[in-house]
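Visitor: I am new to this structure and would enjoy a close look at a single part of it. Please pick one loop, and show me what sits around it.

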Amino acid sequence: MVLTSLSLLPVSTEMTQGCAKGCDLCSEFNGCLKCSPKLFILLERNDIRQIGICLPSCPPGYFDVRNPDMNKCMKCKIDNCEDCFSRNFCTKCKEGLYLHKGRCYATCPEGYSAANGTMECSSPAQCEMSEWGPWGPCSKKKKLCGFRRGNEERSRKVLQAPSLGDVSVCPATSELRRCTVLKNPCPEGWKKKKEEQGKRDNANEDRSRKDAKDGRVRRRKGQPRGTVVPVTSAP
């Protein structure tokens, strides 16, 4: 028969003799049953038995409960929690998980982000943002002419960051959208430059044609003349 209550377990008749340090009452089969004041009793599972040990503070994964008769270490009941303040409030999650309002998450809930490089989620609502500025000119690859569709951008500033001073938890400070230009003539200088480039291209094309023509003339001059055959009339 397995005994589930510490009060029903066989207790050593020698109250303090043979008990571990800090233990006022112990059992041959279940270790310490009562710890000295200011110490916490932790029950560890050993097969079908629970072994009691006395500790100055509770280990990770447990929280302390102080009682007049005896202080106890109670196990956290929160999934993926490494350390907790109470049964249902986590203070530190397992590695790679984010802590938010006493719970552990793979990613921060929507509207929250990790603050100041930690694994704790905080609300971006703590940020104070300026109004959006006007939309900038429509551009494409840093050019302002010679295209029909491009992008335009507007921006704003972070007026006040959270108490930790981390602006990365604040909303975006820039915004981009597509734009279409109905009439987008390029400046006169750009147009003139393009015309000069066109003239140079035409000149190069004319020169290539002239060189090809001169080559054909030189080949004809170098060919041997044909022999003239006299023609006689019939008698």
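Guide: Helices (H or I, at least four residues) and strands (E, at least two) are DSSP runs, numbered from the N terminus. What you see is a predicted model, in which local features need pLDDT of at least 70, side-chain atom pairs count only at pLDDT 80 or more, and totals for chains, interfaces and linings use all residues. Residues are numbered from 1 along each chain as its sequence is written, and side-chain values use heavy atoms, with hydrogens and water left out.

Let us start with the whole protein. One helix and 16 strands make up its list of elements. Of its 235 residues, 24% count as buried (under 20% relative accessible area; exposed is over 50%, partly exposed in between, with a 1.4 Å probe and protein chains only). Among contacts (heavy atoms within 4.5 Å) between residues at least 6 apart in sequence, 31% join residues at least 24 apart.

Now come with me to the loop that runs between strand E2 (31-35) and strand E3 (40-46), where you will find lysine 38. Lysine 38 has a positive phi of about 75°, although it is not a glycine. Most residues other than glycine have a negative phi. Lysine 38 counts as exposed because its relative accessible area is 71%.

Step from the loop into strand E3, and you meet phenylalanine 40. With a relative accessible area of 3%, phenylalanine 40 is buried, whereas lysine 38 is exposed. Phenylalanine 40 also lets us look across the chain: valine 65 is 25 residues away from it in sequence, and the two are 8.4 Å apart in space, C-alpha to C-alpha.

To set lysine 38 beside another lysine, visit the loop between strand E9 (98-100) and strand E10 (103-105), which holds lysine 101. Its phi is near 50°, a positive value in a residue other than glycine. Lysine 101 is exposed too, at a relative accessible area of 63%.

One last stop takes us to a strand. Arginine 178 lies in strand E16 (residues 174-180). At 58% relative accessibility, arginine 178 counts as exposed, while phenylalanine 40, in strand E3, is buried at 3%.

So keep this picture of your loop: lysine 38 is exposed and has a positive phi, and phenylalanine 40 is buried in strand E3.
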